[in-house]
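Hi,

Here is the structure I promised to pass on. Have a look at it first, and then read my notes below.

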Amino acid sequence: MVQQQPVQQQSSPDRLSTIFGALSDPTRRAILARLAAGETSVTKLAAPFEMSLPAISKHLKVLERAGLIARGREAQWRPCRLEAGPLKDASDFLQRYRRFWEESFDRLEDYLRELKMREPKIPELKIKEQKKNGRRK
Amino acid sequence: MDAENSVVTEPQERVLVIERVFDAPRALVFKAWTEPERMVRWFGPLGFTTTVLKADFQPGGGYRFHMRSPEGADHWLQGVYREVVEPERLISTFCWADANGNPTGPETLLTVTLDERGAKTRLTLHQSGFESVTARDAHNGGWSSSLERLAEYLAKA
């Protein structure tokens, strides 16, 4: 199985940057985790944090701009809820990076094995560290 | 259920951390990373061919690779070396780009550390800062890999 693209993403770089930027703050991550349990009001959301309501609202705006949460339009009770799509985009993006490296490292492993077999013929690879260790394999 | 705690107490700030032990001396692994003719032998997913267009191995020096997928799709990868400490550490920026060098993904910071494990070498790769540089400067923080768990949780919910 071969992946089509190394790590590029469907979402635009700017959009992903906004998502990752929004996720870079621990309070905002905690808010998202709370919302994972279901939609809730801003007041309830703010309760566990030692933070003013306006401070929490600021965080919510950042999350909303990134598309990570949506808020109801009812004047008083504006329930917040999680939007899974962008989170999944960000997570998929990371998974592609992980796969990029894991597959590269598989190849590096093979390459190093091959080099080690040929090693005595390559003077530049006779390394002092190796002598220091006194043994190979 | 305690989803909030699993996120809040997660101290890890780096996005991606991958460790691998290679059965080869450290200096050799370092060479495999830093010598272009060696690097192209393994860099990239299976089936990709990599060409080093530029690799100026010194702090502040730039690099640019071309990669072609098995299906013939072209990708470019570029960045600047920040720290080169032979044979143990390599820090560089890392960014996907188009043919003209315009970024197509967020700029990330890549730290590769090599530790001796007897005759073997443990490689630790840290890749962080997936938000844009501007966003990173503004927030001055990383974010947690718990995001992945959260996304998994959401997928099930």
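Before we get to the helices and sheets, one definition will help: the angles I quote run from 0 to 180 degrees between N-to-C directions, along lines fitted to C-alpha atoms. Also keep in mind that this is a predicted model.

So, the sheet in chain B. Seven strands make an open sheet there, in the order β1-β7-β6-β5-β4-β3-β2, and the pairing is antiparallel. As a bit of background, strands of a sheet pair through backbone hydrogen bonds, either parallel or antiparallel. Which strands of chain B stand at the edges? They are β1 (16-22) and β2 (49-55); each has a single partner strand, so one side of each is left without a neighbour in the sheet. On average, neighbouring strands of this sheet are turned by 25 degrees against each other, if you ignore direction.

Two helices go with this sheet, and they come from different places. Helix α5 of chain A (residues 84-118) packs on it, touching β1 and β7 (120-128) of chain B, and its direction makes about 10 degrees with that of β1(B). Helix α2 of chain B (residues 26-34) lies across β1, β5 (89-97), β6 (108-117) and β7 of chain B. Against β6(B), helix α2(B) runs at about 155 degrees.

If you want to zoom in on one pair of strands, try β2(B) and β3(B). Strand β3(B) covers residues 62-68, and the two pair in the antiparallel sense over six bridges. T49(B) has R68(B) as its bridge partner, while T51(B) is partnered by H66(B). The hairpin they form has six residues between the strands, and G60(B) in this hairpin takes a positive phi near 90 degrees.

Now over to chain A. Its secondary structure comes to six helices and two strands, following the pattern α-α-α-α-β-β-α-α along the sequence. Of its 137 residues, 31% are buried. Helix α2(A) is mostly covered, with eight of its 10 residues buried; among them are R28(A), I31(A), L32(A) and L35(A).

Where is the largest nonpolar core? It has 28 residues, and those with the most contacts inside it are I19(A), L63(A), L68(A) and A90(A). The elements giving two or more residues to this core are α1 (13-23), α2 (26-35), α3 (42-46), α4 (53-65), β2 (80-82) and α5 of chain A. Helix α5(A) gives the most, with six residues. L68(A) is a nice one to click on: leaving out residues up to four places away in sequence, L68(A) touches I19(A), A22(A), L32(A), L63(A), E83(A), P86(A) and L87(A). A second, separate core has 14 residues, including A24(B), A27(B), V29(B) and L114(B).

Last, how far to trust all this. The mean pLDDT of chain A is 79, with 75% of its residues at 70 or more; over residues 126-131 of chain A it is below 50. Chain B also averages 79, and 73% of the residues score at least 70. In chain B the pLDDT is below 50 over residues 1-14 and over residues 132-149. Where pLDDT is low, the predicted coordinates should not be read in detail. For the complex, the predictor gives an ipTM of 0.76 and a pTM of 0.69.

Cheers

Note on methods: Residues are numbered from 1 along each chain as its sequence is written. Chains are lettered from A and ligands numbered from 1 in the order in which they are written. This is a predicted model: local features need pLDDT of at least 70, side-chain atom pairs count only at pLDDT 80 or more; totals for chains, interfaces and linings use all residues. pLDDT is the predictor's confidence in each residue, from 0 to 100. Two residues are in contact if their C-beta atoms, placed from the backbone, lie within 7 Å. Two strands pair if DSSP finds at least two bridges between them. Helices (H or I, at least four residues) and strands (E, at least two) are DSSP runs, numbered from the N terminus. A nonpolar core is a set of buried Ala, Val, Leu, Ile, Met, Phe, Trp, Tyr and Cys residues joined through C-beta atoms within 7 Å. A residue is buried if 20 or more other C-beta atoms lie within 10 Å of its own, exposed if 12 or fewer, and partly exposed in between; C-beta atoms are placed from the backbone.
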